[in-house]
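Colleague: I'm new to reading protein models. Could you walk me through this one, feature by feature?

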Amino acid sequence: MGRSKFILGGLLILAAVIYLIFSSTQQAAEYFMTVNELKAKGNGMVDKNLRLSGAVIGDSIQYDANTLTLTFDVAHVPGDNAEIEALGGLGEVLRAAIADPTRARATAIYVGPKPDLLRSEAQAIMTGHLGTDGIFYADELLLKCPTKYEEAVPEQAGG
């Protein structure tokens, strides 16, 4: 009798731990998406934790220094590194994304200081959520500007 209580108590504790791990993993899940994937899933992704990547469209950048609100559009770029390399590298993929008006695009809003690397053809990697209005609200914004690094490589290789 005493041994079965001990086993039952151990099983209850184990079940509680498994439940806590599972529920916290589901709440913290973050989906990495391209603009095409976000557009395809649409309303199914509203208010979920997302990481979105795209090429910044320079003409769309608007910054309000009073409210620190940054609004810009991003164009679809592939999420697969092998595909990016096959298309000529990240710089070429970003240039092609900006030049193609038929590419899927998404509007993003970020509140914070305007990043120095924010310019046309930069790759924006944002963490945030999709609003019911179809706008991506970024909590974090990381920018990569491959043209800056591509120009520096020949000098390093030649020296």
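Modeller: Sure. Let's start with residue classes: Ala, Val, Leu, Ile, Met, Phe, Trp, Tyr, Cys and Pro count as nonpolar, Asp, Glu, Lys and Arg as charged, and the others, Gly among them, as polar. Keep in mind that this is a predicted model.

Colleague: Okay, so how many residues of each class line the largest pocket?

Modeller: That lining has 5 nonpolar, 4 polar and 1 charged residues. You can find them on screen as F32, S53, P78, G79, N81, I84, E85, L90, Q123 and I125. The space in this pocket is about 150 Å³.

Colleague: Which element gives the most to that lining?

Modeller: Helix α3 does, with 3 residues. Both α3 (81-86) and β5 (123-130) supply at least two residues each.

Colleague: Now the strands. Which way do β1 and β2 run relative to each other, parallel or antiparallel?

Modeller: Strand β1 (residues 31-34) and strand β2 (residues 50-64) run parallel, joined by 4 bridges. To see one of these for yourself, look at F32: its bridge partner in β2 is R51. Now stay on R51 and look for its bridge partner in β5, which is T127. β2 and β5 run antiparallel, with 6 bridges between them.

Colleague: And what does β2 do with β3?

Modeller: Those two pair in the antiparallel sense over 6 bridges, β3 being residues 69-75. For a landmark, find Q62, which stands opposite T71 in β3. The two strands form a hairpin with 4 residues between them, and L68 in the turn has a positive phi of about 60°.

Colleague: Where is the other hairpin turn, the one with G134?

Modeller: That one links β5 and β6, with 5 residues between the strands, and G134 has a positive phi of about 85°. β5 and β6 pair in the antiparallel sense over 8 bridges. One pair to look for is M126 with its bridge partner L141 in β6.

Colleague: How many residues of β5 are buried?

Modeller: 7 of its 8 residues are buried, so β5 is largely enclosed by the rest of the structure. Buried here means under 20% relative accessible area.

Colleague: What should I expect of nonpolar side chains in general?

Modeller: In soluble globular proteins, they tend to be buried together. Here, the largest nonpolar core has 23 residues, and those with the most contacts inside it are V56, F72, V74, A124, M126 and L141. The elements giving two or more residues to this core are α2 (35-41), β2, β3, β4 (105-111), β5 and β6 (136-144). The largest share, 4 residues, comes from β6. Apart from this core lies another one, of 9 residues, including I57, A75, V77 and A97.

Colleague: L141 has come up twice. What does L141 touch?

Modeller: Leaving out residues up to four places away in sequence, L141 touches L70, F72, Y110, P115, A124, I125 and M126.

Colleague: Last one: H76. Is H76 buried or exposed?

Modeller: H76 counts as buried because its relative accessible area is 12%, and the cut-off is under 20%. You'll find H76 in the loop between β3 and α3. Again leaving out residues up to four places away in sequence, H76 touches T34, V35, N36, A97, R103 and A104.

Conventions: Residues are numbered from 1 along each chain as its sequence is written. This is a predicted model: local features need pLDDT of at least 70, side-chain atom pairs count only at pLDDT 80 or more; totals for chains, interfaces and linings use all residues. Side-chain values use heavy atoms; hydrogens and water are left out. On a 1 Å grid over the protein atoms alone, a cavity is a set of points where a 1.4 Å probe fits but cannot get out, and a pocket is an open set with protein on both sides within 12 Å along at least five of seven lines; lining residues have an atom within 4 Å of a point. Grid points are joined across faces, edges and corners, and a volume is the space filled by probe spheres set on the points. Two strands pair if DSSP finds at least two bridges between them. A nonpolar core is a set of buried Ala, Val, Leu, Ile, Met, Phe, Trp, Tyr and Cys residues joined through side-chain atoms within 4.5 Å. Buried means under 20% relative accessible area, exposed over 50%, partly exposed in between (1.4 Å probe, protein chains only). Contact means heavy atoms within 4.5 Å.
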